[in-house]
Structure formats: structure tokens, C-alpha cells
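Biologist: I am new to this structure and would love a close look at a single part of it. Could you pick one contact between side chains and walk me through it?

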2 protein chains.
Amino acid sequence: MTGSESRLTGPVRVVGVGLLGTSIALGLRARGVDVILSDASPTNVRIAIDYGAGRSAGDADEPQLIVVCVPPDVTASVIVRELSAYPRAVVTDVASVKAPILRAVRAAGADVTRYVGSHPLAGREKGGPMSGRADLFLGRPWVVAGHPDISYQTAAAVDDLILDLGASLVEMTTEQHDSSVALTSHAPQVVSTLMARRLVSAPEAAVNLAGGGLRDVTRVASSDPGLWVQILGANAGATAEVLRGVRDDLDEVLAALSAAADAQEDDAATGAAPWRRTLAETLSGGNAGVARIPGKHGQDRRYAQLVVMVDDRPGELARLLTELGEDGVNLEDLRLEHSPGAQIGLAEIAVLPETLDTVTSALAARGWRIAG
Amino acid sequence: MTGSESRLTGPVRVVGVGLLGTSIALGLRARGVDVILSDASPTNVRIAIDYGAGRSAGDADEPQLIVVCVPPDVTASVIVRELSAYPRAVVTDVASVKAPILRAVRAAGADVTRYVGSHPLAGREKGGPMSGRADLFLGRPWVVAGHPDISYQTAAAVDDLILDLGASLVEMTTEQHDSSVALTSHAPQVVSTLMARRLVSAPEAAVNLAGGGLRDVTRVASSDPGLWVQILGANAGATAEVLRGVRDDLDEVLAALSAAADAQEDDAATGAAPWRRTLAETLSGGNAGVARIPGKHGQDRRYAQLVVMVDDRPGELARLLTELGEDGVNLEDLRLEHSPGAQIGLAEIAVLPETLDTVTSALAARGWRIAG
């Protein structure tokens with residue numbers, strides 16, 4: 001991106017030089033924008049400057065735009081401070097919850113005609129300046145959470161920021177944003193965590209039967225508790241609303257499972273039973289929900305899956321992909337899985353359904369073992 | 001594996017030629033074992049024979065071992081029938097629930113001194129003969145669910161089957177097995193389904209914010225409802241026990257979120273609050289649970305993650321992996337993710353932590369963009 005024109009004129013002041021702040025700064029620097037860096041830690045500012053993310057603040061600074069990239073629990077107070085310190089600047093932030101921040105900024109009597117919140121769905125909200133990358137936001141959704149008190153013209157600076165960084169602009173109200181991320185991020189975090197907690201006191205032999213399904217469901221449960229207490233606390237209402245739906249469905253499933261267990265005891269499980277219908281409807285609902293998640297390139301199509309066995313040594317997976325490339329196959333998705341104890345990996349490949357037979361034959365002809 | 005010696009002497013009768021039955025048959029044929037195929041569908045038997053999985057049954061058959069690979073809801077009755085039809089054969093099955101099947105076989109008055117259930121943790125329980133693969137079980141755990149009425153010597157035929165197919169033998173009681181898979185497979189299926197169901201009536205704009213976390217949590221929710229009604233129904237008691245733990249924790253989280261939402265309204269969220277402690281403990285418990293899932297090669301170590309941007313065209317990923325191979329890097333794990341709308345993929349690479357800096361520098365030197 002170096003040397004390309006920017007929409008923003010700058011200077012842009014970035015407050016908080018963690019992963020997100022530093023990535024924003026680096027992306028703007030790559031477009032030639034003057035970036036001013038600020039952080040509660042002078043050491044972090046020093047590192048970010050050495051890293052090429054911008055310069056330190058000066059008394060005569062007149063920033064066009066201020067981007068607040070600090071932890072969620074201090075975001076509102078930093079916004080209020082910045083609005084007051086720079087009375088001509090537009091201010092935005094990148095925290096993952098929007099309505100409570102706007103409410104707190106309003107409650108503090110700050111000038112909300114110059115503040116509009118935003119949220120890039122990219123990266124983690126944790127990590128030092130050294131984890132920053134200029135192209136972190138490329139192609140990622142970035143929500144601007146509008147409100148009635150900021151003019152279209154003023155808010156345009158935030159749109160410019162998003163487009164300069166190559167992200168995909170999404171407009172929502174703060175409430176729409178918060179209920180959307182409660183559904184797609186915050187409730188899934190809780191659900192994953194609750195499943196993972198069940199493993200804490202489980203026998204070793206049980207945990208050793210873990211497969212890809214359990215790994216998928218519990219992957220995000222390894223996220224940072226300190227950060228997530230802030231996020232869940234800030235979006236408590238919207239997250240609870242999604243989770244109450246989960247709890248109500250779970251109670252129905254538990255009732256159905258109790259009925260099924262009783263029927264089994266009575267050895268009468270062969271006839272029609274309401275529990276069977278409840279489970280079937282719940283599971284079908286899950287199918288329908290997954291089908292709504294957009295796939296690659298925003299399309300909703302399904303890909304054909306192919307699992308290829310790959311010896312666990314350097315170069316083998318590269319050889320597989322080189323040979324697929326030679327055959328003109330473009331992978332739609334790829335995933336490598338290792339069984340515990342195995343010296344063989346399973347490469348799960350997604351291809352266009354109409355190419356599956358050709359790809360399978362070509363791989364088999366080259367001696368690859370297809371695992372199913 | 002062709003031509004290698006087998007532990008089993010055969011013949012082995014496989015009842016049900018879906019993915020699992022056909023894969024078992026193909027694996028045994030590759031070791032030279034005489035395999036007899038049976039299925040409720042003569043067409044499926046014909047296909048499996050054409051596929052090289054074995055031969056059709058004859059009146060003089062004296063199978064050493066019978067492997068029942070039919071859907072869970074008919075498994076017990078087929079076992080009973082086979083025990084009676086072949087009074088010298090050892091019988092096993094591959095259904096994913098074990099205690100109710102043993103109970104039903106006993107209740108039918110069948111000869112359980114020749115029956116022991118088993119469960120390979122591989123593949124899906126669905127799919128026709130054409131999806132069968134001789135090496136489906138290589139390196140996968142395969143549980144033998146023992147009981148007091150079968151002698152060690154008789155059960156050895158099932159051990160031989162497992163070892164002949166290259167799987168990893170795990171011994172458990174039927175109850176241990178069922179509670180283990182309730183934890184590692186059946187409860188995660190329900191949890192994933194319940195989260196996915198929340199998406200059914202969600203606004204399009206919300207679903208479009210879906211990221212990798214939601215995709216992971218809901219992936220298994222796309223499983224076949226018909227099969228899962230059978231599995232959950234058969235393992236209802238053990239699955240409900242795990243899910244009651246989830247429900248109790250969920251109620252605690254909901255109470256904490258309500259308290260957090262109230263505190264926010266009161267603008268008093270800055271002090272110490274019990275809800276914050278509840279959320280922190282829950283999230284930390286999730287961390288601890290995930291840490292117990294064995295990783296690659298059965299070890300419990302953590303890998304360092306690296307995300308590399310890969311242009312979405314044939315050969316690019318292969319070039320990345322070839323260059324990693326040239327640098328002597330062995331990937332511990334690999335995953336390719338596409339952002340909706342983006343023409344760029346993100347290859348998530350896991351490497352040994354001590355090699356992270358070297359790998360990152362080497363990739364950057366070759367011009368690869370590291371995304372975080």
C-alpha cells in the first residue's frame with residue numbers, strides 16, 4: 001500500500017498502541033498520513049515509534065481524527081478527555097461494544113456531534129505494538145455505529161479511515177451493532193466457555209477421545225478472561241438476551257433427554273415419542289442456523305469436502321498443494337488435523353462440488369491416500 | 001497395507017456396508033482377510049463387492065468375527081440375530097453408544113459371552129459404500145467397551161480387528177465409554193446446535209458479522225438430525241448429565257449478566273462487583289478446560305500462531321508451504337480462512353514457539369505479509 005493516496009488528510013491521533021492501534025497507525029503511515037501516537041505507557045509509544053507507526057504528540061497538534069484504541073473499560077473516559085482536549089477533531093473508537101460507550105460519553109456531557117463509535121471485526125483486542133500489522137483490516141467488516149447527533153459530513157472522516165485501511169464499511173446503529181455482536185461473538189464465547197468448563201474435572205481417558213467437533217466448539221474458550229469480563233460486562237443485556245434463548249432451548253432438550261432416558265428404562269423407545277420430535281426439530285434448527293453463516297466471498301454455497309492423508313514431515317503438505325496447483329485446482333478452504341499419537345495428518349480440502357470427482361481421481365493417480 | 005500379515009484369521013462378516021462397514025471391509029481385504037458382506041440393501045452389497053470390499057454370504061460361512069455396522073436404533077436387534085445365526089462367531093458393533101446396546105442384547109437373552117461392543121472414533125456414521133476407505137481408522141482411537149461376561153481370550157478377536165486396521169486400542173467399560181462420548185461428542189453437538197439455532201431468525205446484517213469464532217462453535221451443528229436423534233436418544237442419560245452442568249453454569253452467567261446490566265444502568269459499574277468475579281471464574285474455567293484437550297501427537301503443549309496473507313489464486317498457498325519446507329519448518333497445524341468478500345485468504349499456521357521469530361523473519365524476507 002506504500003505511497004498510495006489517502007482519503008484522510010490527517011494528522012490522525014491514535015490513542016492506545018496495542019495490536020489495533022498500532023495496526024491502524026501502520027496502515028495510515030503506509031498511505032503517507034501523519035500519525036500521532038499516544039499511550040498510557042511511554043515505553044509502548046517508544047516501541048511503536050521505532051516500529052514506524054508514527055510520531056510522538058506535540059503541543060501544536062491539530063488532529064483531523066482521533067482513534068481511541070484502549071481497553072473497553074476505559075474507552076468512554078478517554079473519548080471524553082480527547083473530545084475536550086482537541087475541540088476541532090472528530091473522535092472514534094474501536095471497542096467491541098458501542099451503546100454503553102455512547103451513553104457514557106453523553107452522560108459526561110461531552111460533544112457527541114464530533115464522536116461516532118466504530119468496530120473493526122479483525123484481530124484480537126490484545127497484544128502489544130509489535131503485533132501490529134498495516135494490513136490487519138484488509139477485507140474485514142468494520143462497523144460504524146451511527147447516532148442522530150453527528151452530521152453525515154463530520155462522520156465521513158471515520159468512513160475515510162475505514163476505506164483507507166482497506167476494510168469493508170458496515171453502517172448500523174449502536175443497538176444493532178451490540179445485538180449483532182452479542183449473537184455472533186459474545187454469546188458464542190460464553191457457550192464455548194461453558195462447554196470447555198465441563199472438561200476441567202473429566203477423567204483423562206474421556207478427554208483423550210476428543211475429536212475435531214469438541215476442538216471446534218471449545219476453540220474460543222481459550223480467550224483472555226480479563227478482556228472478556230469487560231466485553232461481556234459492557235454488552236451484558238444483549239448477550240443475556242441471546243443466552244436466554246439458548247437456555248430455554250436447552251431446557252427443552254433436557255426435558256426431551258429425560259423422557260428418552262425414562263423410555264429406555266421402560267424399554268418402550270420404539271413407538272412415536274414427543275422427545276424424538278423435540279430433538280429432531282432442535283437439530284434441524286441448528287442445520288438452518290449454520291446455513292445462514294456466509295461462506296467464502298460472501299456466498300452461501302456449499303463446498304465439497306475431501307480428506308487427504310499427509311505424512312507428518314516437512315514438504316509433504318506443500319507437495320500436495322503444488323500438485324493441486326499443477327492440476328489447476330483452487331482450494332476453497334483447507335484445514336490440517338492431527339490425530340493424537342498419529343504420525344499422519346489429515347488435510348481437509350474444500351473444492352467446488354463440480355470438480356470433486358476430477359480432483360479425487362487426480363490425487364489418487366498421484367498416489368495420495370483419500371481418507372473419506 | 002496390501003499384503004501385510006493380519007492378526008485375524010477370518011472370515012470376518014461385516015453387516016451394514018455404509019462408510020464404517022465398507023472401510024473396515026476394505027482395510028481387512030488389504031491385509032488379505034476373507035470378508036463376507038451383508039446389508040439390508042442388496043444394491044449396497046453389490047456396490048461394495050464391486051468396490052473390492054469382500055464377497056457375498058454363503059450357506060457354509062463360519063465367520064470368526066462379525067462386525068455390526070448398522071444405524072444405532074437397529075444395532076441391538078441385528079447383534080442378537082447374528083449371535084443366534086452364527087453360534088461360534090464373536091460379535092462386535094461400532095455404534096457410538098454402548099451401554100443401552102449391551103442392555104438390550106442381554107434383555108433379549110442373547111449369548112453375551114460372545115459379544116463385546118466397540119466404537120471407532122473416526123469418520124462419520126453416514127455415507128454409502130463408495131465413501132469407504134481402507135485407512136479410515138489409521139491412528140484413530142477405537143474403544144472396546146468390555147463387560148464381565150466375555151472372556152479375555154474371546155474378546156481378543158476384536159482387539160485383533162482394531163490393531164489390523166491400524167487404530168489405537170482403548171479399553172473402557174460401557175458406562176465409561178458412554179459418559180466419555182457424552183462429554184466429548186454428544187453434549188458438544190447439542191451446545192453447537194443450540195448456538196446455531198439462534199441464527200435462524202437473526203437479521204442478515206448481524207449474521208454478516210460472523211467471524212471464525214462463531215464458525216468454529218457452530219460447525220458440527222450442520223450434522224444429520226436423523227442420526228443424531230438416535231445417538232442422543234440412546235445416550236440420553238449421560239448427555240443430560242453433562243448438559244445439566246452446562247445449564248447450571250449458564251444460569252450463573254445469566255444472573256451475572258443481569259447484575260452487570262443493572263449496574264450499568266445505575267452507572268455504578270466501577271467498584272468491586274460479584275458479577276465480575278463470576279464471569280472471570282467462568283472464563284478461566286473455560287481456559288482450563290481447553291488446556292486439557294490433547295493436541296497433536298497426544299501432547300498438551302501450546303503452539304505459536306502466525307497468520308499469513310495469501311492471494312486467492314491457485315498455487316499461492318503451495319508456494320507458501322514450499323518455501324516453509326525450504327526453510328526446514330514443519331507445520332504443527334494449518335488452517336485457511338477467507339473473509340466474506342475478500343480476494344485474500346488468511347493461512348493460520350501453528351509452529352513450535354521457539355521457532356516463531358525465525359519463521360516470521362524468513363517469511364517476511366520472502367515478501368509474505370504477516371497479518372497478526
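Modeller: Gladly! Let's go to chain B, where the side chains of Asp149(B) and Arg106(B) form a salt bridge, with 2.4 Å from N to O. Please keep in mind that this is a predicted model. Asp149(B) sits in the loop between strand S7 (141–146) and helix H5 (152–164) of chain B, while Arg106(B) belongs to helix H4 (residues 99–107) of chain B, so the pair ties together parts that are 43 residues apart in sequence. Are these two partners buried or exposed, or something in between? Asp149(B) has a relative accessibility of 35% and therefore counts as partly exposed. Arg106(B), also at 35%, is partly exposed too.

Another pair in chain B makes a nice companion: Asp61(B) and Arg55(B) meet through their side chains in a salt bridge of 3.1 Å, N to O. Here Asp61(B) counts as buried because its relative accessibility is 10%, under the 20% cut-off. Its partner Arg55(B), with a relative accessible area of 30%, is partly exposed.

For a pair within one helix, turn to chain A. Glu281(A) and Arg277(A) form a salt bridge at 3.0 Å, N to O. Both residues lie in helix H11 (residues 274–291) of chain A, 4 residues apart, or about one turn of the helix. Glu281(A) is partly exposed at 45% relative accessibility, whereas Arg277(A) is exposed at 59%.

To set these pairs in context, the structure holds 46 salt bridges over all chains.

Conventions. Residues are numbered from 1 along each chain as its sequence is written. Chains are lettered from A and ligands numbered from 1 in the order in which they are written. This is a predicted model: local features need pLDDT of at least 70, side-chain atom pairs count only at pLDDT 80 or more; totals for chains, interfaces and linings use all residues. Side-chain values use heavy atoms; hydrogens and water are left out. A salt bridge is a side-chain nitrogen of Lys or Arg within 4 Å of a carboxyl oxygen of Asp or Glu. Helices (H or I, at least four residues) and strands (E, at least two) are DSSP runs, numbered from the N terminus. Buried means under 20% relative accessible area, exposed over 50%, partly exposed in between (1.4 Å probe, protein chains only).
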